[in-house]
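Please open the model in your viewer and keep the selection tool at hand. The tour below moves from one selection to the next and says what can be found at each stop.

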Amino acid sequence: MINSKMIYRITGFLLLIETGLLLCCAGVSLIYREDDLSSFLLSAGLTTLVAILLLALGKGAEKQLNRRDGYVIVSVAWVVFSLFGMLPFYLSHYIPSITNAFFETMSGFSSTGATILDDIEALPHGLLFWRSMTQWIGGLGIVFFTIAVLPIFGVSGVQLFAAEASGPTYDKVHPRIGVTAKWIWTIYAGLTAIEVILLLFGGMGLFDSICHSFATTGTGGYSTKQDSIAYYNSPYIEYVIGVFMFLSGINFTLLLLLFTGKLKKVSQNAELKWYVMSVILFTAFIAAVLYRTTPMGAEESFRKAFFQVASLHTSTGFVTADYMQWVPVLWGTLTVIMLIGACAGSTTGGMKCIRMVILAKVSRNEFKHIVHPNAVLPVRVNKQVISPAILSTVLAFSFIYAVIIIVSVLLMLAMGVGFTESIGTVISSIGNMGPGLGSCGPAYSWDGLPDLAKWLLSFLMLLGRLELFTVLLLFSSDFWKRN
């Protein structure tokens, strides 16, 4: 059985954290003296009441969590955060539809970045700040933050970490998971602060610098401008954000090892090599095509290519150009980039480069087996043999990922959505990307989609953010059996 009381208790604690975040945004509204202040205060009040109720229900909970509890807490956390996080949008009437308000909030907390807003700049500063903050908090992980403070409850964060950490493998850089979580959050906050300073040097205002830095390190892509980064028309800003998107796509445990001086281990990491080479090759190809097919010069072609590759490789979704105006071969190239994603253990979406590495090695071994059927050919990554269990998980993940995309595209088509738009929105949602294709591309919002499609895409965002299995397990009858 699951530890219901401890789940109530931790969920209540998470809602208290969300209350604090809502009050921060209320402070922004107060500074700018705008009309969304009351909606934040009311949202904070309602969230606090439910948090207190859940904490009361969790009184006397057993101080232990098993793996099953971890999966429930992680899945519930994202849904509950989104349900209460949508209140400021809905209560302020800036997004008067419950469907749209939930979609916008789930897109934020899952760091997807798809939006239903057609006039972002019409929103008051408090709501704009809240949009960006949802991506920053959801980027590294709502539950990952909780792990750092779980000792308050007298329980370990290992089960939550196993349920929330993305990718087939993860590295423990410290024996205590809570300490690792604190270190990684420190690096995360540090990257954000450095980017804020660099954007200020580029002429961006303080408010916009903070919001865009939140969305960059959280790899979410919510901008305070309708035209996204293209609004600023600044090569300096594009390079700064492009570099920080790239850095945010690296496994944060590798960044931690880098800061502790373990350069050799970082430089020899197979996933990082794949990620870096992928960015270089895709950037070079797209830059060459842009140089030959558009009036852009060499530098601009490289800049636009690098920015868009970094944006979609890391599932951020910022744009500096409407890539639907580029030649069709680049649409397909960018879609492939969306599918791949960046590194496991980062804030990004997609299938993750580590899975690409493992699948590539498995495929290579199959060719060798045909020639040498009796050979024993283990799959090695970073000089370590990948266990059959992990290989099975990677293959299962890849199969289920493909099946979900196919089924979801068919469902979108059944709802009357166009073929190009269906493919683009489904891949973008499950990969937590943001922009799609066609009329749901970077120059447009997703507001024109049917409400049922928005709920489906919101579910796909949650699936993608939690790596499929964490959510799908809850729909298994075996998961809920007593033993």
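Which residues does His 313 touch, not counting residues up to four places away in sequence? Select His 313 in this predicted model, and then add Tyr 275, Ser 278, Val 279, Phe 282, Ile 337, Ile 340, Gly 341, Ala 342 and Cys 353, which are the residues that His 313 touches once those up to four places away in sequence are set aside. His 313 itself lies in helix 15, which covers residues 298–313, and because its relative accessibility is 0%, His 313 counts as buried. Among these neighbours, Gly 341 deserves a second look, since its backbone oxygen lies 2.8 Å from a polar atom of the side chain of His 313.

Next, select Thr 112, Gly 220, Thr 316, Asn 432 and Met 433, the positions where UniProt, in an unreviewed entry, places the feature "binding site". These positions span 322 residues in sequence, but no two of their C-alpha atoms are more than 7.9 Å apart, so they gather at one spot.

Stay with this group and pick out Asn 432, which sits in the loop between helix 19 (419–430) and helix 20 (451–465). With a relative accessibility of 2%, Asn 432 counts as buried. If its neighbours within four places in sequence are left aside, Asn 432 is in contact with Ser 110, Ser 111, Thr 112, Ser 315, Gly 349, Met 461, Gly 464 and Arg 465.

Now move to Met 433, which is likewise placed in the loop between helix 19 and helix 20. Is Met 433 buried or exposed? At 0% relative accessibility, Met 433 counts as buried. Leaving aside neighbours within four places in sequence, the contacts of Met 433 include Thr 112 and Thr 316, two of the positions that carry the UniProt feature "binding site", and also Leu 312, Ser 315, Gly 317 and Met 338.

For the next stop, select helix 12, residues 252–259, which is mostly covered, as six of its eight residues are buried. The buried residues in helix 12 are Phe 252, Thr 253, Leu 254, Leu 255, Leu 256 and Leu 257. Just after helix 12, look at Gly 261, which takes a positive phi of about 90°.

From there, go to Phe 207, which is found in helix 10 (residues 206–217) and, at 13% relative accessibility, counts as buried. Phe 207 touches Val 28, Tyr 32, His 125, Leu 128, Phe 129 and Thr 224, not counting residues up to four places away in sequence. Of these, Phe 129 is 78 residues from Phe 207 in sequence, while their C-alpha atoms are 8.2 Å apart in space.

Finally, zoom out to the whole chain, which has 21 helices and two strands. Its radius of gyration is 22 Å, close to the 23 Å that the globule rule gives for 483 residues, so the chain is as compact as a globular protein of that length. Of the 483 residues, 58% count as buried, and among contacts between residues at least 6 apart in sequence, 72% join residues at least 24 apart.

Colouring by confidence makes a careful last view: the mean pLDDT of the chain is 86, and 91% of its residues reach 70 or more. Confidence is lowest in helix 8 (residues 158–164), at a mean of 51, and highest in helix 4 (residues 87–91), at 95.

Notes
Residues are numbered from 1 along each chain as its sequence is written. This is a predicted model: local features need pLDDT of at least 70, side-chain atom pairs count only at pLDDT 80 or more; totals for chains, interfaces and linings use all residues. Side-chain values use heavy atoms; hydrogens and water are left out. Helices (H or I, at least four residues) and strands (E, at least two) are DSSP runs, numbered from the N terminus. Buried means under 20% relative accessible area, exposed over 50%, partly exposed in between (1.4 Å probe, protein chains only). A polar contact is a pair of N or O atoms within 3.5 Å; within protein, one must be able to donate a hydrogen and the other to accept it, and residues adjacent in sequence count only if both atoms are side-chain atoms. Contact means heavy atoms within 4.5 Å. UniProt positions are given in the numbering used here, feature names are shortened, and annotations may be inferred rather than shown by experiment. The radius of gyration is taken over C-alpha atoms; the globule rule is 2.2 Å times the number of residues to the power 0.38. pLDDT is the predictor's confidence in each residue, from 0 to 100.
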